[in-house]
Amino acid sequence: MNLRIRLHRAAALALLPLLALTACGSGDTDGTAPAGAQAAPKDDPVADVRTVDSIAALLPADVRKTGTLRVGSSVGFPPGAYYPNGTDKDPEGQDIDIADAVAKVLGLELQRQDASFETILPALGSGKYDVGTGNFGVTAERLKTIDFVTYINDGQGFAVRKGDTELGKKKITDLVQLCGLTIGTGAGTTFEATLTAEKGVCAKAGKKPYDVKVYAENAATLTALQQGRIDVIMSTINGLRHQASQPASQTEFLGEFHRLDVGFAFKKGSPLTKAFQAAVNELIKNGTYTRILEKWGTTASAIDASEINPREHL
């Protein structure tokens with residue numbers, strides 16, 4: 001069994017375990033199964049995965065010798081990674097299954113350390129972690145300091161409170177549609193970067209600027225939406241779509257805004273990328289990858305082959 005190290009505790013997830021969505025912070029509870037938490041699917045596509053010696057041989061000799069990797073993991077939102085049974089149990093989700101399956105192909109155990117989303121990429125450079133997971137989108141800016149090995153295609157989307165009269169069910173295709181509104185998103189994310197970089201679009205259109213509220217915890221973002229302190233959430237396509245399917249969330253998904261490749265993150269120049277790429281491609285080839293995405297309802301995010309450092313989608 002993979003070693004799970006619990007470091008980061010956040011009480012917010014106890015309040016809204018199935019609704020946290022932004023992939024921007026880890027959450028934890030007192031160890032009991034949270035009331036209303038969504039049960040994880042029972043299928044276990046990772047169980048039959050075996051080590052492939054020719055792929056494991058791509059790992060550096062010191063990694064093969066120790067047999068472990070330190071993983072900085074942002075946990076707290078379905079379907080990517082969350083705690084359906086309380087934090088005294090292992091996290092589950094699409095990202096968890098893919099990472100565990102890759103580790104089995106490579107003959108490794110993962111020392112998974114819960115960490116807030118915005119701290120993981122800097123910690124890769126300092127050597128605290130060997131690899132980071134947490135729905136990290138591949139962007140041109142991140143590629144300057146981070147290496148990526150892709151495993152899904154997700155991206156950016158928007159959601160509002162059910163019955164919202166300002167935006168209704170209109171798909172957001174232009175940030176000008178958000179002028180005059182307050183947008184909630186996660187710290188250190190591509191969403192925050194996009195909103196910050198494009199904030200001048202409203203002035204150019206002769207409209208009142210939008211306001212951006214940044215939250216460190218996933219549940220806090222949703223609470224702000226439900227309480228009317230923000231008008232709209234910008235977050236992951238899969239997370240928002242999943243959230244809207246849960247009646248308790250009382251949210252509506254406004255569609256995809258911008259697709260991004262998502263991958264395992266490594267410090268620049270990491271010797272681990274070729275082995276991880278080969279392992280992901282092995283899972284795609286043997287059907288495990290498809291089973292994992294079917295389990296978590298994310299087949300629309302499937303990729304045909306893993307890539308190292310692809311260009312950002314424009």
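1. In this predicted model, Phe158 stands opposite Met234 in strand 8. The two strands concerned, strand 5 and strand 8 (residues 232-236), pair in the antiparallel sense, and four bridges are found between them.

2. Strand 5 also pairs with strand 9 (residues 251-267), again in the antiparallel sense, and here the pairing extends over 14 bridges. Within strand 9, the residue opposite Gly157 is Glu256. Strand 5 is mostly covered, since 15 of its 16 residues count as buried.

3. Strand 6 has parallel partners: five bridges join strand 6 to strand 7 (residues 211-215), and two bridges join strand 6 to strand 8, also in the parallel sense. As reference positions for checking the register, Thr182 stands opposite Asp211 in strand 7, while the bridge partner of Ile183 in strand 8 is Val232. Strand 8 is thus paired with strand 5 in the antiparallel sense and with strand 6 in the parallel sense.

4. Which residues of strand 6 point one way, and which the other? Thr182, Gly184 and Gly186 point one way, Ile183 and Thr185 point the other way, and all of them are buried. In a regular strand, the side chains alternate between the two faces of the sheet. The covering of strand 6 can be put as a count as well, with five of its five residues buried.

5. A search of the whole structure finds one disulfide, and this disulfide joins Cys179 to Cys202 with an S to S distance of 2.1 Å. Cys179 lies in the loop between strand 5 (146-161) and strand 6 (182-186), whereas Cys202 lies in helix 7 (residues 201-204), so the pair ties together parts that are 23 residues apart in sequence. The torsion about the S-S bond of Cys179 and Cys202 is about -95°, and the disulfide is therefore left-handed. Both cysteines, Cys179 and Cys202, are buried.

6. For the chain as a whole, the model contains 11 helices and nine strands, and buried residues make up 57% of the 314 residues. Among contacts in the protein chain with a separation of 6 or more, 77% are accounted for by residues 24 or more positions apart. The protein chain exposes about 12,900 Å², of which carbon and sulfur atoms supply 51%.

Terms used
Residues numbered from 1 in each chain as written. Predicted model: local features only at pLDDT ≥ 70, side-chain atom pairs only at ≥ 80, totals over all residues. Heavy atoms only, no water. Disulfide = S-S within 2.5 Å. Buried < 20%, exposed > 50% of the residue type's maximum accessible area, 1.4 Å probe, protein only. Contact = heavy atoms within 4.5 Å. Areas by Shrake-Rupley, 256 points an atom, 1.4 Å probe, with all protein chains shown as cover. Pairing = 2+ DSSP bridges.
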